[in-house]
Amino acid sequence: MRTNFSTSDKIFDYVNYALLTLLMIVTLYPFLNTLAISFNDAKDSIRGGIYLWPREWSLDNYRYVLSEKSIYNATVISILRTVIGTVVTVFCSAMVAYAISRQDFVLRKFVTVAFILTMYINGGLIPNFLLIRDLNLLDSFWVYILPGIIGVFNLIIIRSFIDGLPESILESARIDGAGDYRTFFSIVLPLCVPVLATVALFSGVFQWNSWFDVFLYNSSTIELSTLQYELQKILQNSNASMTQKTAGDAFAGAMQNQGQVTPTAVRATMTIVASVPIIMVYPFLQKYFVKGMMVGGVKG
Amino acid sequence: MEKVEVAETVHYPKKSPNKFLQFLKQCGKQHALLVMTIPFLIWLFIFKYLPIWGWTIAFQNYRPSKSFAEQEWVGFQHFAFLFEDERFLRVLRNTLAMSGINLVLGFVTAIALALLLNEVRVVVFKRVVQTISYLPHFISWVVAAGIVQQTLSPDGIINELLLRFGLIKEDILFLGIGEYFWGIFGAAHVWKDVGWNTIVYLAAMTMIDPAQYEAAEIDGAGRIQRMWHITLPGIKSVIVVLLIMNIGYLLESGFEPQYLLGNGMNVDYSENIDIFVLKYGIAQGNFSLSIAAGMFKTVVSFILLFAANNIAKRLGEARLY
Amino acid sequence: MKRKTPVYVAAMLVLVLALVITGCSGNNSGGTTTNNNSSTTTPSNSEGGSDEKPLEKVTFTYFNGAGAAKDINTNETTIGKILEDQTGVNFKIENLVGDLNTKIGTMTASRKYPDVLIPDAAIDEVLGAEGFIDLTDLIEEHGPNIKKAFGNDLERLKTEDGKLYYLPMSAQVGEFIPDPNIGQGAFWVQRRVLKEAGYPEIKTIDQYFQLVRDYVKNHPEEDLTGFIALTHDWRFFATTNPPMHLAGYPNDGEVIVDMNTHEAKVYAANEDTKRYLKLLNELNAEGLFDKSSFIDNYDQYLAKLTSGKVVGFFDYGWQIGNAQNVLTDAAKADPSQDDFVYFPLPVTFDGQKDQYLDPPSFVKNRGIGITISAKDPVRIVQYFDNLLKEENQILRGWGIEGETFEIDENGRYYRTAEQIAKIDESFRESFGFKYYDWNWPIYATSSTLSNGNAAAPGVQPEVFQMSLTEADKTILNAYGAQTYAEMFANPDERPWFPAWGIPKEQGSPEQLYETKKTEITRKYFPKLVLEDPSKFESNWEEYLSEFNKLDTAGYEAFVTAEVKKLVEEAK
């Protein structure tokens, strides 16, 4: 399309590519480093000095982590909570966002403020726990979904996108006699795909990474455990000899306890195991952020 | 370009003498919107407002095992413990400084990166940069802090480079110098989250009408001018809304990086409210102190939020509510 | 139709929301998930059908707040299966992941406990919540072996109104056998240093530092670090504790307890600490101390120990196990690497008798209890009692004869090289050694069985000797010792040991004191050590003035009173 590059444009490009390449190097390093440690012999890793490449190749860390049978069921639960949780929160947040983007909505201000305030209020851990208990949500899958039906952050982001939509589109829909439902479902939702993809990514990653709610509410129900929580357990297990600082008595056991894995190696391995699946989702969502995708359909 | 303001000037319900009747009429007309929100208001009330009874805990010597009636009431004792501690001001200063740095650096770098990415014409490169830059977000702080410590240690790469270029004469204990801590903290945050934070701006940029760029090009605007006059205004409302929300979070600077990178030598700069509460509250089984601190933060958040929102309103920018 | 869809969807959503919120109760107790608190009871097929009434199989839940192992059912392990065959009891173990106080808080707030609970450091909260049942009568009736094993300890754990809410987790039975390895504190030095110096006797801290100094000086080409310290996070005590040991006391935590008057004194700001820090300060001025000691994390510390570049350090053996293992493994593969393995030395300030080894300990603020939620406490107590039978202690310590240990013609227990090789981490898990190692009422590691064998294989001389390499024997011989422990003086009797185990109420002034003390020392120790020696005195004054703001006298009075109580009880 653009054929005539000016000199300053070219300079800009060079600087830009250089900067971005530098950024890539800096941000790729931690991941490569973690990868290298995860594939390095755990005992050898104690010596330090592993940077981009394993020194003594070993699959033992993965063997150790993946031999834990509980993680397979936990992965299924993680996927379920991620998918269901994300779909529910994106849909519900979008719906409320649409309502509060309507300037004439009678409850607009009330609803907006009621939601925003909760971002900064927290009743505390124990009251929340008691609430979940009283709702009979302990040891149930729904405790992963229900408390997060609407993410206020997501809600606000979606609303500001809807606010940014050309008024003319909504106006013409209204003139066509479309009610709120139809406007929402057939006009607003499709137009908001980029932001919905963004919000889906945010809440998907959040759901995938959560383990604190498992710890609080579902820790004694192994069937509902999630991948992250099981990985935390494995990490803890590898830590065994370290945490038993209770008198010398534990020591004789502790010495024998020190197997082939170390917390550092397990942590690196679990980082890879837990993050690769969710990272792989990214390219699928990414296309929605690519500029210009939807604007063609708008024809403002 | 003026979308935001446009959105603000649409139909307000007309004032009428019988307001209530008017209100009901409106409700009837907007039954669809009510159906879309009221269930969630109920949800909101149950899940977010009901647990606020927990604030009473701040005024008790709370023991989880006791019923509400059996708790020992101590008035403002926990608040006093918090505010009267000689470290409180320092801890508050650190909190504000670190989240302030985070706020400014976080916004500037994420927006800058989004702008730069937006200018990349090679789609594959753009995608690769974007994907890679968000990888550190998936590394836990424990691992990330380990890498930071390694990088900044006397035999780490930073010292090595500085020595090689003759910029310093002997190794610097970066993490042992309190004054450096905020900078290290801010840089670490940017490094870890810049790619992640960029996503929302990139999404916002997809909403900009390409016709605007074409028009600008015809007018002979350069790349930087286009960025400044088209892209940036195009995402302004998102920026402003995010900014207001984050200003409300100024007392929340997190605790993991501070805790993990903190040590006895930089404690005067690394310890923030959350760490203080962790040490004297949760670690001692004192739930009341953490609730008291939480209440304090909430109050401050409300004030900041209100102020920020009002300023935005005065400036005619997008608002949070 | 298309127009109706949205209404339908919205209505559905409301319905689902309402259903889910109200209906979850039904869904839950409907039983798709196992209800964790109820004990699932299934009749056992009692094939034996002997004179004893058939034991119903039962599963109890067991939460371990000190936990660091996999969540399992005990009957999935060999040991646990045998115990289940004996008692019909299985335990479903859940280990803590995350914050202890939070987890215990949710339990006490909802009064929903597992059947058996180890609250670790949060025991106070559970006691305050009256979450444990009184075990006195149960033990009287069903616990002859419990009584035999713990003896007087049970009396000491009783509350003022004579109730016993939890059992301690280790019983000293028979003669006390010290651990031949050094799990406790010591000043460590690379073996090559001792070799080069001709295996001198090192008794005082000055001799020790001179040794380090000389070695570094004689090997300038190696770029050696003389001495490092571990300071990371809660492990900081490895840097604050040495003055206590140098003064000739075992690890009582924050205090030194006088052997005669039983007065507890905080040493963090006394002359001992000052003397030690001054020594470190001098080392630092000579360039022998690793400056990054105060910023390194634990991983960095271990990496330095395994690098072969660090000549000496103070630490507790259990903290350096991983590093020492790397070094010994390397030495096994290549004997010349033995030079870099660390050797423990019993160093004191002026050569007085050292007390590095732990005396028999009685940790009063830890234990295992049966909660008010437990359905059948009798069965649990019976299980504990059965576990404490000597034959079962042999089972959980040594395993099964012919499989995991052998008995020679003199009745001594030992393990063959194959058995030792076989018993790796995964075997320990599947057999169950790992799960019965700790966190149950069991014999202490230092116990002796009635037949004279050690209760724990690790301390049995026959087993220990097999673990030694030629190089190990050489250096031990040079010092005329059979075991590493023999390098150290025998521990004196201290009925209060460890003083850090004295229970302190959560949020009490004593707990606050300890937190604040740690804070101040963390802040000032780096200054005292790293700054120029000329500033040492003024920095020390500054530290003292900060430290004196704390109510040290009150803390000492509290500990002293508790120590005296413990001494009385032990009589």
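**Exercise 1. Leave aside the neighbours within four places in sequence: which residues is P441(C) in contact with, and is P441(C) buried or exposed?**

Solution. Bear in mind that this is a predicted model.
- Start with the contacts: P441(C) touches I146(C), L167(C), M169(C), A171(C), I368(C), F384(C), L387(C) and L388(C).
- Next, place it in the fold: P441(C) sits in the loop that links helix 18 (425-431) to strand 15 (442-443) of chain C.
- Now count: 23 other C-beta atoms lie within 10 Å of P441(C). The cut-off for buried is 20 or more, so P441(C) is buried.
- One more distance: the C-alpha atoms of P441(C) and F150(C) are 9.0 Å apart, although 291 residues separate the two along the chain.

**Exercise 2. In what order do the 4 strands of the open sheet in chain C run, and which are the edge strands?**

Solution.
- Read off the order: it's 7-10-6-11, with mixed pairing.
- Then find the edges: strand 7 (225-228) and strand 11 (342-345) of chain C each pair on one side only.
- Check the twist: ignoring direction, neighbouring strands are turned by 25° against each other on average.
- Zoom in on one pair: strand 6 (residues 185-190) and strand 11 of chain C run antiparallel and are joined by 4 bridges. Here W188(C) faces P344(C) of strand 11.

**Exercise 3. How many residues does each domain of chain B bring to the contact between them?**

Solution.
- Set the bounds: the domain assignment gives domain 1 (1-75) and domain 2 (81-314) of chain B.
- Count the contact: domain 1 of chain B supplies 9 residues and domain 2 of chain B supplies 7.
- Sort the domain 1 side by type: 6 nonpolar, 3 polar and no charged.
- Finish with the spacing: the C-alpha centres of these two domains of chain B are 31 Å apart.

Note on methods
Residues numbered from 1 in each chain as written. Chains lettered and ligands numbered in written order. Predicted model: local features only at pLDDT ≥ 70, side-chain atom pairs only at ≥ 80, totals over all residues. Helix = DSSP H or I, 4+ residues; strand = E, 2+ residues; numbered from the N terminus. Buried ≥ 20, exposed ≤ 12 C-beta atoms within 10 Å, placed from the backbone. Contact = placed C-beta atoms within 7 Å. Domains from an automatic or database assignment. Nonpolar A, V, L, I, M, F, W, Y, C, P; charged D, E, K, R; others polar. Pairing = 2+ DSSP bridges. Axes fitted to C-alpha atoms, helices over the stretch in contact; angles between N-to-C directions.
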